[in-house]
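Here is a short tour of a protein model, written for someone who likes to follow along in the viewer. Have the structure open and turn to each part as the text reaches it.

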Amino acid sequence: MNNDNNSIEDSHEKIAEAPTSKTSSLGSLDNLDALSQYIKSAKGTREGRAIPPLEKWHPEDIVDMDLTIKANGEWWHEGGQMTRESLVSLFATILWKEENNGTTEYFLKTPVQKIRIQVEDAPLLINDVGIVHEDDMSWLEFTTTTGDVVRLDDEHPIVLKAYNSNKSDFSESDFNNSDKANQVSTADDVADSQELASTEQVRPYMMVRNGLTALIGRNTFYHLTEIGALSEDNGKTILTLQSGGQSYSLSMPTD
């Protein structure tokens, strides 16, 4: 779950000391080094998953970086995979999403700049799910590869969505349930998989924070089907999940 960020806001402001040069230098290793120095400076004050107050930052300077989050969750910078987990986790804390004229754009947001990056699918990847017990209540708790922890509830739903390798924009309407009776998603818009192009497939996604979604990894989703209850309804397979005293149903796509 996202922690209270007030105690760490001062350390996040140190990002403002990073160079504010133009696009040509921001795509270089120097900028990554500046963010790496930030990691070291904030390490002693961060507790759990500390997300800075991105909504309070309103930088006017927008630049581009040659950084892509691949559809499999890997982060690539200037043609090479980023293997430093601490650096990737830092970048994930300052991920920001905006809708501009019908187009979804992703940024690394600092107090002084928004650094535009590319995202092939979802910006986050869930690789673990488990059951936690709290105050006589059981919750389904999901963890991303970069440290976010969220529980299945009305604010963090799961949906099925057709993934297209050429276009994977998300809109808020994708996560707005038309049926408020604790239904995760009927996936009616993607149930007939025979109508999908060969480049598309149905994937499960979960809302995490600040409008950012996470792809639920294949192995994690298989585990989810073992945790939940499978049933048949009018020829469709329904996965029912229990979390926080609520029942959530997911209509599985046909093969």
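The report below moves from the whole chain to the sheets, and then to the side chains.

**The whole chain**

Please keep in mind that this is a predicted model. Its secondary structure comes to 5 helices and 16 strands. The protein has 255 residues, and 48% of them count as buried. About 13000 Å² of the protein is exposed, with carbon and sulfur atoms supplying 44% of that area. Among contacts with a separation of 6 or more, 65% are between residues 24 or more positions apart.

**An open sheet of six strands**

A good place to begin is the open sheet of 6 strands, which has the order 3-2-1-6-5-4 and mixed pairing. Strand 3 (80-81) and strand 4 (95-100) stand at its edges with a single partner strand each, so one side of each has no neighbour in the sheet. Further in, strand 1 (residues 61-69) runs parallel to strand 6 (residues 113-119), and 6 bridges join them. To find this pairing by eye, look for Thr68, which stands opposite Gln118 in strand 6.

As general background, strands of a sheet pair through backbone hydrogen bonds, in either a parallel or an antiparallel way.

**Strand 7 and its partners**

Which strands pair with strand 7 in the antiparallel and in the parallel sense? Strand 8 (residues 137-144) is the antiparallel partner, with 8 bridges, while strand 13 (residues 212-216) runs parallel to strand 7 (residues 124-134) and is joined to it by 3 bridges. On the strand 8 side, His133 has Ser138 as its bridge partner. On the strand 13 side, Ile126 stands opposite Ile216. The hairpin of strand 7 and strand 8 has 2 residues between the strands, and Asp135 in this hairpin takes a positive phi near 50°.

**Salt bridges**

Moving on to charged side chains, a search of the whole structure finds 9 salt bridges. The table shows some of them.

| Acidic residue | Basic residue | N to O distance |
|---|---|---|
| Glu105 | Arg116 | 3.3 Å |
| Glu141 | Arg151 | 3.0 Å |
| Asp148 | Arg209 | 2.7 Å |

In the salt bridge of Glu105 and Arg116, Glu105 lies in strand 5 (residues 103-109) and Arg116 in strand 6, so the pair ties together parts that are 11 residues apart in sequence. The salt bridge of Glu141 and Arg151 links strand 8 with strand 9 (residues 149-151), across 10 residues. Glu141 and Arg151 are both buried.

The salt bridge of Asp148 and Arg209 runs from the loop between strand 8 and strand 9 to strand 12 (residues 200-209), and its residues are 61 apart. Are these two residues buried or exposed? Buried means under 20% relative accessible area. Asp148 has a value of 1% and is therefore buried; Arg209, at 4%, is buried too. Shared partners also join Asp64, Glu105 and Arg116 into one network of salt bridges.

**Aromatic rings**

The structure holds 1 aromatic pair. Trp75 and Phe91 form this edge-to-face pair, 6.2 Å centre to centre and with 70° between the planes. Trp75 is in strand 2 (residues 75-77) and Phe91 in helix 4 (residues 85-93), 16 residues apart. Both residues, Trp75 and Phe91, are buried.

Charges meet rings here as well. Lys70 places its charged end over the ring of Trp76, 5.5 Å from the ring centre. Arg203 lies over the face of Tyr163, at 3.9 Å from the centre of that ring.

Technical notes:
Residues are numbered from 1 along each chain as its sequence is written. This is a predicted model: local features need pLDDT of at least 70, side-chain atom pairs count only at pLDDT 80 or more; totals for chains, interfaces and linings use all residues. Side-chain values use heavy atoms; hydrogens and water are left out. Two strands pair if DSSP finds at least two bridges between them. Helices (H or I, at least four residues) and strands (E, at least two) are DSSP runs, numbered from the N terminus. Rings of Phe, Tyr and Trp (its six-membered ring) pair if their centres lie within 6.5 Å; planes under 30 degrees apart count as stacked, over 60 as edge-to-face and the rest as tilted. Buried means under 20% relative accessible area, exposed over 50%, partly exposed in between (1.4 Å probe, protein chains only). A charge sits over a ring if NZ of Lys or CZ of Arg is within 6 Å of the ring centre and within 35 degrees of the ring normal. Contact means heavy atoms within 4.5 Å. Accessible areas come from the Shrake-Rupley method with a 1.4 Å probe; for residues, only the protein chains shown count as cover. A salt bridge is a side-chain nitrogen of Lys or Arg within 4 Å of a carboxyl oxygen of Asp or Glu.
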